[in-house]
Amino acid sequence: MDVGEYSMAADDSLHWFTVNCNLEAAFRMKRNNFSAVNKVVQSSPVVKQPKRVLRTSLNQTRTLSVLLDWGTLPHHVILQIFQYLPLIDRARASSVCRSWNEVFHIPDLWRKFEFELNQSATSYFKSTHPDLIQQIIKKHAAHLQYVSFKVDSSTESAEAACDILSQLVNCSIQTLGLISTAKPSFMNVPKSHFVSALTVVFVNSKSLSSIKIEDTPVDDPSLKILVANNSDTLRLLKMSSCPHVSSDGILCVADHCQGLRELALNYYILSDELLLALSSETHVNLEHLRIDVVSENPGHIKFHSIKKRSWDALIKHSPGVNVVMYFFLYEEEFETFFKEETPVTHLYFGRSVSRTILGRIGLNCPRLIELVVCANGLQPLDSELIRIAERCKNLTALGLSECEVSCSAFVEFVRLCGRRLTQLSIMEEVLVPDDNYTPEEVHTEVSKYLGRVWFPDVMPIW
């Protein structure tokens, strides 16, 4: 049974019945009033009622009667209204009349859909009803174009998502996203099951332009299937934390998907060959390259280095590319990085980073636009910040937390950067008072150089 054909709940039925009764009563009262006025006017010996006024009033009455019939609204009007409604409200509204039910099944309403799969025992979020899932697979799979799966931390939810994927054989999906709201539950699904389900979409869609499959067991053979069927349309590929993908697998994507503009991957599959492939004459200009540098076992991973000539080739080919790097390393694992000029534009350090590395950034990252340091320790970053301000002329955003910077050095940093600093998020505890300024006085000087009122961030006390 269609969701749109479900009977409305008792309260909804009572509501519609009450509204209709009120409308009918209002119409009846207006009609009676109109008749009464007509009689009075017609019985008057002085005033003679013109026929034109009577005809106009009757037309107004007919118009009111038509307006009371909601089922006569044009489909395109109802469609516009339905597009603003959540799915559950659309389903309820589709029970009003046959016309609204027909609109409920118009393909335009089913081009974008998010499957929410949660286990009631482990999640407070609601799940997409199983009956609705089956209705979509049977009636609207061919209409789906923008599809995402949002699953909780349970393996059962991830397996349910794979079961749905494996049934989308008549689809023409353009964007696909697999999202784990908590821990990466797709990694708990048997690799063969996941890859088999994913390749169903890869083979049948043939028009995929955006794919987000991070934290999944996708592998090299499935990427080859993706390339074989969607090489002309693929524009965005996000696949960080996919341990079964090698540098050869991602190189295959870069070689054949010449229209690829955005790519997100782990550092371990980044190579000189990949950067050179993205810089070939036949490849479009890359717009966004995100690299996650992650280590869960300190000392067990030796990070390779990327040659400067490979970075130079990428920047020469795509001068406007944003190179974003997220670091989740321990201090002793940074030795490989930033020894040579690196064209990174956005840097995020999720763990403690040493003064030495920050000093290298000031020397070798001239394209830097944004810098976020979550922790550094108890060593003041005065000289490092000033060097970054002097050498990184494109810097517009800075975030510091669990670091130490003297108030004077911070004011000098802001003076050097000036009004180009559009985002400045500094925790109050970061600023260390000195002979020139106290933290309370810093905001006045900083506001002067920024050209706007600025205060440090304060940790809320709950």
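# Reading helices and strands in a predicted model

Reader: What covers the buried residues of helix 15?

Author: The cover includes helix 14 (382-391), strand 11 (397-400), strand 12 (405-406), strand 13 (423-426), strand 14 (431-432) and helix 16 (439-450). Please keep in mind throughout that this is a predicted model.

Reader: Which residues of helix 15 are buried?

Author: A residue counts as buried when its relative accessible area is under 20%. In helix 15, this applies to Cys-407, Ser-408, Ala-409, Phe-410, Val-411, Phe-413, Val-414 and Cys-417. Because 8 of the 11 residues of helix 15 (residues 407-417) are buried, the rest of the structure largely encloses this helix. Just after helix 15 comes Gly-418, which has a positive phi, near 70°.

Reader: How should one read a helix by its sides, and which residues of helix 9 are buried?

Author: The general idea is that an α-helix has 3.6 residues a turn, so residues three or four places apart point the same way. In helix 9 (residues 220-230), the buried residues are Asp-220, Ser-222, Leu-223, Leu-226, Val-227 and Asn-230. They span an arc of only 160° around the axis, and therefore lie on the same side of helix 9. Lys-224 and Ala-228, on the other side of helix 9, are exposed. Helix 8 (191-205), strand 4 (210-212) and helix 10 (247-256) are among the elements that cover the buried residues of helix 9.

Reader: At what angle do helix 8 and helix 9 pack?

Author: Angles under 35 degrees count as roughly parallel. Helix 8 and helix 9 pack at about 10°, and their axes are 8 Å apart. The two helices are therefore roughly parallel to each other. On the helix 8 side, Val-195, Thr-199, Phe-202, Val-203 and Ser-205 make the contact; on the helix 9 side, Ser-222, Ile-225, Leu-226, Asn-229 and Asn-230 do so.

Reader: May we follow a single residue? Where is the place of Val-195, and with which residues is Val-195 in contact, leaving aside its neighbours within four places in sequence?

Author: Val-195 belongs to helix 8. With a relative accessibility of 14%, Val-195 counts as buried, because the limit is under 20%. Beyond its neighbours within four places in sequence, Val-195 touches Pro-217, Asp-219 and Ser-222. Pro-217 stands 22 residues apart from Val-195 along the chain, yet 7.4 Å separates their C-alpha atoms.

Reader: How does one read a sheet, and what order do the strands of the open sheet have?

Author: One reads a sheet by its strand order, its pairing and its edges. Here an open sheet of 12 strands runs in the order 1-2-3-4-5-6-7-8-9-10-11-13, with parallel pairing. Strand 1 (112-117) and strand 13 are the edge strands, each pairing on one side only. From one strand to the next, the twist averages 10°. Within this sheet, strand 3 (residues 175-180) pairs with strand 4 in the parallel sense over 3 bridges. Thr-175 has Ser-210 of strand 4 as its bridge partner.

Reader: Which strands does helix 7 lie across?

Author: Helix 7 (residues 155-165) lies across strand 1, strand 2 (146-151) and strand 3, and runs at about 160° to strand 2.

Reader: To close with the whole chain, how many helices and strands does the protein chain have?

Author: The protein chain has 16 helices and 14 strands. Of its 462 residues, 43% are buried. Of the contacts between residues at least 6 apart in sequence, 72% join residues at least 24 apart. The accessible surface amounts to about 24000 Å², and carbon and sulfur atoms account for 55% of that area.

Technical notes
Residues numbered from 1 in each chain as written. Predicted model: local features only at pLDDT ≥ 70, side-chain atom pairs only at ≥ 80, totals over all residues. Heavy atoms only, no water. Helix = DSSP H or I, 4+ residues; strand = E, 2+ residues; numbered from the N terminus. Buried < 20%, exposed > 50% of the residue type's maximum accessible area, 1.4 Å probe, protein only. Contact = heavy atoms within 4.5 Å. Areas by Shrake-Rupley, 256 points an atom, 1.4 Å probe, with all protein chains shown as cover. Arc of directions from axis to C-beta. Pairing = 2+ DSSP bridges. Axes fitted to C-alpha atoms, helices over the stretch in contact; angles between N-to-C directions. Parallel < 35°, antiparallel > 145°, perpendicular 65-115°, else oblique.
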